[in-house]
Amino acid sequence: MLVLAFDTATPAVTAALHDGERVLAEHTTIDARRHGELLVPTIERVLHEAGAALRDVTAIVAGSGPGPYTGLRVGLMTAQGLATTLGVPAYGVCTLDAVAYGSGLAEPFLAATDARRKEVFWARYADMRTRIDGPFVDRPADVPVAGLPVVGAGAGLYPEILGESDAPPYPYAGALAALAAERLAQGTPLDPPRPIYLRRPDAVVPGAPKRVTA
């Protein structure tokens with residue numbers, strides 16, 4: 001097994017390579033505006049650091065969101081293109097699941113990421129591996145925290161509402177790859193690389209022009 005995983009659903013452009021037992025290489029750049037520019041060089045870097053070639057990869061895993069439309073599609077389209085070229089399967093894993101897995105928590109908690117527009121994407125977990133509700137998009141004040149810890153960048157943006165967190169804020173690809181490799185080794189079915197959109201895109205098709213009357 002050699003899993004290439006990456007995520008572009010948050011400001012973190014992150015990629016990692018996992019051999020089924022450990023992360024061989026991982027690299028992350030925080031830049032919300034250059035997902036398309038940074039992803040391929042990041043993939044090339046982790047392959048080089050691991051001493052592997054792209055043809056050695058046996059599975060592609062991309063974070064499937066939720067996240068902003070433009071950034072999210074970069075990772076998912078790259079996953080589909082690489083999988084087709086290499087003839088290997090491609091999978092999608094919820095980005096919040098990667099945040100949760102990276103927290104290492106064994107008790108109930110919430111994971112939250114920045115949804116912009118003063119909102120957060122969030123989901124509820126029984127532990128780092130088990131999502132039990134969500135994902136959703138809400139204003140921070142409407143997230144049912146109920147005293148649970150909250151991990152992810154959402155907590156960092158709204159600590160007065162969601163509480164402080166020492167857990168990693170982003171879905172780093174090492175956690176994404178490890179979670180996917182674990183599920184694949186257990187025979188747990190993984191989803192195809194399809195985006196999780198909780199909002200309609202900002203861009204819309206223009207309507208018919210208004211009639212001008214004299």
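The following conversation between a trainee and a mentor goes through a predicted model and asks what lies behind the terms used for its parts.

Trainee: How do you know that Arg-183 counts as buried?

Mentor: Buried means under 20% relative accessible area, and Arg-183, at 17% relative accessibility, therefore counts as buried. This arginine is found in helix α6, and, leaving aside its neighbours within four places in sequence, Arg-183 is in contact with Val-93, Asp-97, Arg-129, Thr-188 and Leu-190.

Trainee: Why is Ala-141 called exposed?

Mentor: The term exposed requires over 50% relative accessible area, and Ala-141 has 63%, so the residue is exposed. Ala-141 lies in the loop between β8 and β9, and its C-alpha is 9.1 Å from that of Glu-119, although 22 residues separate the two in sequence.

Trainee: What makes α6 a helix that is largely enclosed by the rest of the structure?

Mentor: Of the 14 residues of α6, 11 are buried, and this is why the helix is described as largely enclosed. The buried residues include Ala-173, Gly-174, Leu-176, Glu-182 and Arg-183, and what covers the buried residues of α6 includes β1, β2, β3, β4, β5 and α3.

Trainee: How does the reach of α6 compare with the span expected at 1.5 Å a residue?

Mentor: Helix α6, residues 173–186, reaches 20 Å from its first C-alpha to its last, which is close to the expected 20 Å. After the helix comes Gly-187, whose phi is positive, near 80°.

Trainee: What makes β2 a strand that is mostly covered?

Mentor: Seven of the seven residues of β2 are buried. Ala-12, Thr-14, Ala-16 and His-18 point one way, while Val-13, Ala-15 and Leu-17 point the other way, and all are buried. The general background is that in a regular strand the side chains alternate between the two faces of the sheet.

Trainee: How do you know that β2 pairs with both β1 and β3?

Mentor: Two strands pair if there are at least two bridges between them. β1 and β2 have five bridges in the antiparallel sense, and β2 and β3 have seven, also antiparallel, so both cases satisfy the cut-off of at least two. Among the partners, Asp-7 is bridged to Thr-14 in β2, Ala-15 to His-27 in β3, and Leu-17 stands opposite Ala-25 in β3. A hairpin of four residues joins β1 to β2, and in the hairpin of β2 and β3, which also has four residues between the strands, Gly-20 takes a positive phi near 95°.

Trainee: Why are β3 and β5 called edge strands?

Mentor: The open sheet of five strands has the order β3-β2-β1-β4-β5, with mixed pairing, and β3 and β5 each pair on one side only. The twist averages 15° from one strand to the next. Helix α1 packs on this sheet, touching β1, β2 and β3, and its direction makes about 25° with that of β2.

Trainee: On which faces is the edge strand β5 covered?

Mentor: Both faces are covered, with Ala-90 and Gly-92 buried on one side and Tyr-91 and Val-93 buried on the other. β5 runs parallel to β4 and is joined to it by four bridges, with Val-93 as the partner of Gly-63, and β4, helix α2 and β5 make a right-handed β-α-β unit.

Trainee: What makes up the largest nonpolar core?

Mentor: A nonpolar core is a set of buried residues of the nonpolar kinds joined through side-chain atoms within 4.5 Å, and the largest one has 25 residues, among which Leu-4, Phe-6, Leu-17, Ile-43 and Ile-60 touch the most other members. β1, β2, α1, β4 and α2 each supply at least two residues, and the largest share, six residues, comes from α2. A second, separate core of 19 residues includes Ala-173, Ala-177, Ala-178 and Leu-179.

Trainee: How do you know that β6 and β9 pair in the other sheet?

Mentor: β6 and β9 are joined by two bridges in the parallel sense, which therefore just meets the requirement of at least two. Ala-111 stands opposite Val-151 in β9. This open sheet of four strands has the order β8-β7-β6-β9, and its edge strands are β8 and β9.

Notes: Residues are numbered from 1 along each chain as its sequence is written. This is a predicted model: local features need pLDDT of at least 70, side-chain atom pairs count only at pLDDT 80 or more; totals for chains, interfaces and linings use all residues. Side-chain values use heavy atoms; hydrogens and water are left out. Buried means under 20% relative accessible area, exposed over 50%, partly exposed in between (1.4 Å probe, protein chains only). A crossover is right-handed if, with the strands pointing away from the viewer, the path from the first strand over the helix to the second runs clockwise. The expected span of a helix is 1.5 Å times one less than its number of residues. Contact means heavy atoms within 4.5 Å. Axes are lines fitted to C-alpha atoms, for helices over the stretch in contact, and angles run from 0 to 180 degrees between N-to-C directions.
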